[in-house]
Amino acid sequence: MSSNNTGTMLAARWHPPSYDIRVENVPVPQIEDPDDAVVKVTLAGLCGSDLHIYRGQQPITKVHITGHEFIGEVVKLGSNYGPNAARSTSGRPNLYATLSVGDKVVAPFTVNCGECHVCRLGYTGRCPVGALFGSPKLDGGQAQYVRVPKAGGTLYNLSSPASWSSALTATSDVETLLENISDSSLLLLSDILPTGVFAATQLLAHPKVQPMLTGRSWPSSLNPSSPTIDLGSGLLTQEDRLLTIAMIGLGPVGVCAAVALLDALVQKGLPYRIVAIDINQSRREKMEKVYEAIGSDGKGQNGEFVVQGLEEAKETVAKWTGDVGCTGVLEVVGNNSALTAAYDLARPFGVITSVGVHAPKNVPFTGQDLYNKNISFDFGRCPARAMFPMAFELLVKRQDVFGKVGTESSLIDRVVDIKQASEMYRAFDQGQVGKVLFDPWDQA
């Protein structure tokens, strides 16, 4: 169940207190627990969430390997893998029976066991035995090898059709379809694409959005069998059902959220107005190019999509809604300025979905602020492993955006050798580059 990989490897490591990434030779990780796997990393991503530790915004003092986005090949498995080992423990994830050395895999950004109550519910990002890759608790994937605890519940086996979504397996020539998916785009499954899909899904599934989706006023919209409440003006009009949504933050996760949101709205046949917001001009330009590149099947003919700075966006929302505000706001930045803007843009009975990683500061609201607008907040980490099938389906569908590298409309700006990690962190932190991937084996 293993391959001999000992000695040292290259890895990007963070050193306290801040802004200090070094590429160093460190020991190759080994199996420490029977549920472990060791993966040879073929690509690793640099994510906006990595910047919180990089900037010293977290109370961390331990030197550790960075990065929570990676794909690769299984090179070692613990003793709990294989058909016999899996059968001896009922209720374990199927991957303990099927995962093999040589399989191509992608990992979510957190470890999750896949067999506890929390994981069974689908809330894998908060598994009680979970850990974040690229943290003091668990070394990350910006290295040539990485150890994956609880790998049978964590990894997604790209070599096995059993992992793919039902929509993909129903495709007549799925193997040929998947052969045309670029490895660089598969890396997006680790974090940013599932998080974008999660943000869009949470917003559209929220109870306060259901009147626009169902055409029935609150609270009848929550129960299709209940009678519609007559407020004297009849059923909802087409204008009532028009979804007005703001998105704050157009980094890589924000772009993924925009693509996911547009796709979901088209699939549901819903009319929409979306304003995508960022203070960074280069990110706004990237979003505009991505939107242009999306085929008509991914944005439809029934909506309006504009990309603006914050003040212009406030004026647009006021004009669109008669100063009422947005049905919902996606906050994909992770700071108090973005939360304040989201609150200002949301309508009474509005919804704010925040998937940005926040520093340990109080949020900029009082209970009275929230009460006065009946605002609903969804905060927190994406359960990435649970979102993989939906995200994978979108990845296959939208290779026009996710499948390219280095073009005006591609989400991924460049793939570089890992020895450039220090410089790429600096450039990414200053907004000089977009999504960057590291090739740990490119020694050019």
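## Exercises on helix and sheet packing

In this predicted model, Leu310, Ala313, Lys314 and Val317 of α13 meet Ala341, Asp344 and Leu345 of α14.

**Exercise 1.** Which residue classes make up the contact of α13 with α14?

*Solution.* Sort the residues in that contact by class: five are nonpolar, none is polar and two are charged.

**Exercise 2.** Work out how the directions of α13 and α14 relate, and give the handedness of their crossing.

*Solution.* Start with the axes: those of α13 (residues 310-321) and α14 (residues 336-345) come within 11 Å and cross at roughly 15°. Next, apply the cut-off: angles under 35 degrees count as roughly parallel. The two helices, α13 and α14, are therefore roughly parallel to each other. Finally, look at the handedness: the crossing of α13 and α14 is right-handed.

**Exercise 3.** Trace the open sheet of six strands and find its edges.

*Solution.* Follow the order β11-β10-β9-β12-β13-β14, with parallel pairing. The edge strands, each pairing on one side only, are β11 (303-308) and β14 (376-379). From one strand to the next, the twist averages 15°. Now zoom in on one pair: β12 (residues 326-331) and β13 (residues 346-354) are joined in the parallel sense over five bridges. Within β13, Val351 is the bridge partner of Gly328.

**Exercise 4.** Which strands does helix α12 touch, and which does α13 lie across?

*Solution.* Take α12 (residues 281-293): this helix packs on the sheet and touches β10 (272-277) and β11, its direction making about 155° with that of β11. Then turn to α13, which lies across β9 (243-248), β10, β11 and β12 and runs at about 165° to β10.

How values were computed: Residues numbered from 1 in each chain as written. Predicted model: local features only at pLDDT ≥ 70, side-chain atom pairs only at ≥ 80, totals over all residues. Heavy atoms only, no water. Axes fitted to C-alpha atoms, helices over the stretch in contact; angles between N-to-C directions. Helix = DSSP H or I, 4+ residues; strand = E, 2+ residues; numbered from the N terminus. Parallel < 35°, antiparallel > 145°, perpendicular 65-115°, else oblique. Left-handed = near helix turned anticlockwise from the far one by under 90°. Contact = heavy atoms within 4.5 Å. Nonpolar A, V, L, I, M, F, W, Y, C, P; charged D, E, K, R; others polar. Pairing = 2+ DSSP bridges.
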